[in-house]
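Please open the model in a viewer and keep the selection panel at hand. The tour below proceeds stop by stop, stating what to select and what is found there.

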Amino acid sequence: MPGLRLDHVVKRYGTVEAVRGVTFSVPEGAFCAIVGPSGCGKSSVLRMIAGLEKVTEGAVFIDGRLANDIDPADRGLAMVFQDYALYQHMTVEQNLSFGLKVEHKSPDEVRERVDGTARVLALQDLLGRWPRALSGGEKQGVAVGRSIIRERDIVLFDEPMSNLDADLRATTRLEIAKLHRERCFTAVYVTSDQTEAMALADMVVVMRDGQIEQVGSPLDIYENPDTQFVAGFIGSPTMNFLPAVARGSRGGTVRVALSGLDASEITVPMQHPRLKPGTPLTLGIRPEHMTPANDTKFAIELDTEVTEQLGASCLIHARSQHGDPVAIKQKGFSPVRSGERLSFTFAPDKVRLFNEAGARLR
Ligand SMILES: Nc1ncnc2c1ncn2[C@@H]1O[C@H](COP(=O)(O)OP(=O)(O)OP(=O)(O)O)[C@@H](O)[C@H]1O
Ligand SMILES: [Mg+2]
């Protein structure tokens, strides 16, 4: 199974520089998700890997071979798009087997592959149906099946589920994960849904404005974001950001005070605590790391605005005395009511600090 490598890849459409020097590798058999806001260049990267767009500068390697000038059909890859264009005049079974018949596979092999693919994607009962008699999720399942039935080494997905509702996305996501585990292809999966990326991928590439912001495992990206942008993009609800100021640093720690909360300080561990007193910072803390404060030295007062009881957890949306929005996630049911003023605290090792340019301070 081949891996992939992009080396300083640039894509320009006329004067628009959509991809501005992107370098990353996907090991063979890995599931790589590319995430980022709309227009950041995700599809452009994918289409250059597929060979559907020419690389303006830099190199794309597939299985160690320079692929810039290889014809899309000879790259050994399959692609699944957002708009599942099924052949309307063919049944599900015919849609699935069409590509294999074009390749003149034997009837036995066609039968075997159709059965295998239908089994992993739970399409067995739909084989005789026409596309117009399928739900959106079922259509998307067939579209995925049709792309992967030819057993390509690399499968590229461009927001394959953006037309599906939340429930269907979750089910289809599971099918894709199963399929990947069974077939072990190398996957590159573009999505603007960070939950999907976190759930499916071994490695996540976060893009912003044509460039890579961070590459890492889902857990690493979540726990150790390199930038405030990544911290704010990954996680739902996202990390809370509060304006703060450095008070001084010593022996592997930095003392931080929140703006408008001058009386209390929190001492945050840091590897390189070289911050002048008075340096403005942004303090980041995830909603699930906020805990009710009882007699703790460091606490912030929050006015709750809305609470969402979700069953297994509760989301409290509140505002600091400084006016910053703060989300709190608690396990189970929370008796907190809207309009209450409450004190919260958090463990210093859960705090992430960012400088004014949005870079993580470690
Ligand atoms: N064929 C094209 N001609 C000109 N500009 C283009 C073309 N394709 C894309 N662009 C521009 O390049 C930038 C990146 O587009 P791209 O489609 O790669 O983004 P994306 O991250 O996939 O966005 P989305 O999440 O909305 O699909 C955008 O500013 C877009 O307008
Ligand atoms: Mg796109």
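A residue counts as near a molecule if its C-beta atom, placed from the backbone, lies within 6 Å of that molecule. The model shown is a predicted one.

**Stop 1: the shell around ligand 1**

Select ligand 1 and display its surroundings: Tyr-13, Val-16, Ala-18, Gly-36, Ser-38, Gly-39, Cys-40, Gly-41, Lys-42, Ser-43, Ser-44 and Ser-192. Strand 2 and helix 1 (42-50) are the elements that each supply two or more residues to this shell. Which element gives the most to the shell around ligand 1? Helix 1 does, with three residues. Coloured by class, the shell residues divide into four nonpolar, seven polar and one charged.

**Stop 2: helix 1**

Extend the selection to the whole of helix 1. Of the nine residues in helix 1, seven are buried, and the helix is therefore described as mostly covered. The buried residues are Lys-42, Ser-43, Ser-44, Val-45, Leu-46, Met-48 and Ile-49. Just after helix 1 comes Gly-51, which has a positive phi, near 90 degrees.

**Stop 3: Val-190**

Now select Val-190, which is found in strand 8 (residues 186-191). Is Val-190 buried or exposed? Val-190 has 25 other C-beta atoms within 10 Å and is therefore buried, the threshold for burial being 20 or more. Leaving aside residues up to four places away in sequence, Val-190 touches Ile-34, Lys-42, Ser-43, Leu-46, Phe-157, Asp-158 and Glu-159. Among these contacts, Lys-42, Ser-43 and Leu-46 are also listed among the buried residues of helix 1. For a distance check, pick the C-alpha atoms of Val-190 and Ser-313: 29 Å separate them, and the two residues are 123 apart along the chain.

**Stop 4: the sheet of strands 2, 1, 4 and 5**

Select the open sheet formed by four strands in the order 2-1-4-5, with antiparallel pairing. Its edges are strand 2 (16-26) and strand 5 (65-66), each of which pairs on one side only. Within the sheet, strand 1 (residues 4-13) runs antiparallel to strand 4 (residues 57-62), and five bridges join them. To view one facing pair, display Arg-5 together with Phe-61 of strand 4, which stands opposite.

**Stop 5: helix 4**

Move to helix 4 (residues 136-148). Why is the separation of its ends in agreement with its length? The 13 residues of helix 4, at 1.5 Å a residue, should span 18 Å, because the expected span uses one less than the number of residues; the end C-alpha atoms are 19 Å apart, which agrees. Helix 4 is mostly covered, with 11 of its 13 residues buried. The buried set comprises Glu-138, Lys-139, Gln-140, Gly-141, Val-142, Ala-143, Val-144, Gly-145, Arg-146, Ser-147 and Ile-148. To see what covers these residues, add elements including strand 6 (77-80), helix 2 (92-102), helix 3 (107-120), strand 7 (154-158) and helix 5 (166-183).

**Stop 6: the two domains**

Colour the chain by domain: domain 1 covers 4-233 and domain 2 covers 240-361. Their centres, taken over C-alpha atoms, are separated by 38 Å. Seven residues from domain 1 and eight residues from domain 2 take part in the contact. On the domain 1 side, the touching residues are three nonpolar, three polar and one charged.

**Stop 7: strands 11 to 21**

Select the open sheet of six strands ordered 13-12-11-14-20-21, where the pairing is antiparallel. Strand 13 (265-269) and strand 21 (360-361) are the edge strands, each pairing on one side only. Strand 12 (residues 253-258) is joined to the antiparallel strand 13 by five bridges; in strand 13, Glu-265 is the bridge partner of Ala-257.

Next, centre the view on strand 19 (residues 341-345), which pairs in the antiparallel sense with strand 15 (residues 291-292) over two bridges. Here Pro-292 has Phe-344 of strand 19 as its bridge partner. Strand 19 also pairs antiparallel with strand 16 (residues 300-309), over four bridges, and Leu-302 is partnered there by Leu-342.

**Stop 8: the whole chain**

Finally, zoom out to the full C-alpha trace, which spans about 75 × 50 × 35 Å along its principal axes. The secondary structure comes to eight helices and 21 strands. Of the 362 residues in the chain, 38% are buried. Among contacts between residues at least 6 apart in sequence, 65% join residues at least 24 apart.

Note on methods
Residues are numbered from 1 along each chain as its sequence is written. Chains are lettered from A and ligands numbered from 1 in the order in which they are written. This is a predicted model: local features need pLDDT of at least 70, side-chain atom pairs count only at pLDDT 80 or more; totals for chains, interfaces and linings use all residues. A residue is buried if 20 or more other C-beta atoms lie within 10 Å of its own, exposed if 12 or fewer, and partly exposed in between; C-beta atoms are placed from the backbone. Two residues are in contact if their C-beta atoms, placed from the backbone, lie within 7 Å. Two strands pair if DSSP finds at least two bridges between them. Domain bounds come from an automatic or database domain assignment. Ala, Val, Leu, Ile, Met, Phe, Trp, Tyr, Cys and Pro count as nonpolar, Asp, Glu, Lys and Arg as charged, and the others, Gly among them, as polar.
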